[in-house]
Amino acid sequence: MDKFISIKDTSINTNVILPSEELFKRRLLDVLGKDFLIIKSQYKYCSIDFCIVNKFNLKILHLEHKERNCHKNAYPSTIINYSKLMSYKRNYQNTIMIWGYKENAVKYLVYNEDLLKYQTSDCKNQEVIFIQNDILKDGFDNLIATIINKLK
């Protein structure tokens, strides 16, 4: 007898979405609409925050969302943990890293292995890289266009 059994896993903390992530997810869904599914990682220390699934062709895109409490041009660069980049290489090649700023400003970068060639620095005992702002893409509308294009 073939039956699917649904079991609720109570060992997982399902309240791991930060308020900034929830707002960002709703903002994405408002624009992308019903043709896409957005899933939030349930693991607090996951290297990505969301995965977006195109319901028609089942293509998947991963998103890492970082919220910054400053103006988008307050600093000449932004920072990302090198271990996250290594995780993207191993598990999540189709990833967009997104930085949200005050006034709903957004900058983003599509992951590519060239980022692993950047010089690393030590920040609070963690290996990080600094990405210059002129390399980052700018704007929420441009981000949406990139997401849709990568999920075609």
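Colleague: How many helices and strands are there in the chain?

Modeller: There are 3 helices and 9 strands. Keep in mind that this is a predicted model.

Colleague: In what order do the elements run from the N terminus?

Modeller: The order is α-β-β-β-β-α-β-β-β-β-β-α.

Colleague: What share of the residues is buried?

Modeller: The chain has 152 residues, and 40% of them are buried. The chain exposes about 9,900 Å². Carbon and sulfur atoms supply 51% of that area.

Colleague: What share of the contacts joins residues 24 or more positions apart?

Modeller: Take the contacts with a separation of 6 or more; residues 24 or more positions apart account for 59% of them. Ile79 and Cys123 make a good case. They are 44 residues apart in sequence, yet their C-alpha atoms are 9.5 Å apart in space. Ile79 touches Cys123.

Colleague: Where is Ile79 found, and which other residues does Ile79 touch?

Modeller: Ile79 is found in strand S4, residues 77-81. Leaving out residues up to four places away in sequence, Ile79 also touches Arg68, Trp99, Val128, Ile129 and Phe130.

Colleague: Why does Ile79 count as partly exposed?

Modeller: Its relative accessibility is 25%. Buried means under 20%, and exposed means over 50%. Ile79 therefore counts as partly exposed. Cys51 counts as buried because its value is 15%. Cys70 is also buried, at 15%.

Colleague: How many disulfides are there?

Modeller: A disulfide is a covalent bond between the sulfur atoms of two cysteines. The count here is 0.

Colleague: Why does Cys51 form no bond with Cys46?

Modeller: The cut-off is a sulfur pair within 2.5 Å. The closest cysteine sulfur to that of Cys51 is in Cys46, 9.8 Å away, so it is too far for a bond.

How values were computed
Residues numbered from 1 in each chain as written. Predicted model: local features only at pLDDT ≥ 70, side-chain atom pairs only at ≥ 80, totals over all residues. Heavy atoms only, no water. Helix = DSSP H or I, 4+ residues; strand = E, 2+ residues; numbered from the N terminus. Buried < 20%, exposed > 50% of the residue type's maximum accessible area, 1.4 Å probe, protein only. Contact = heavy atoms within 4.5 Å. Areas by Shrake-Rupley, 256 points an atom, 1.4 Å probe, with all protein chains shown as cover.
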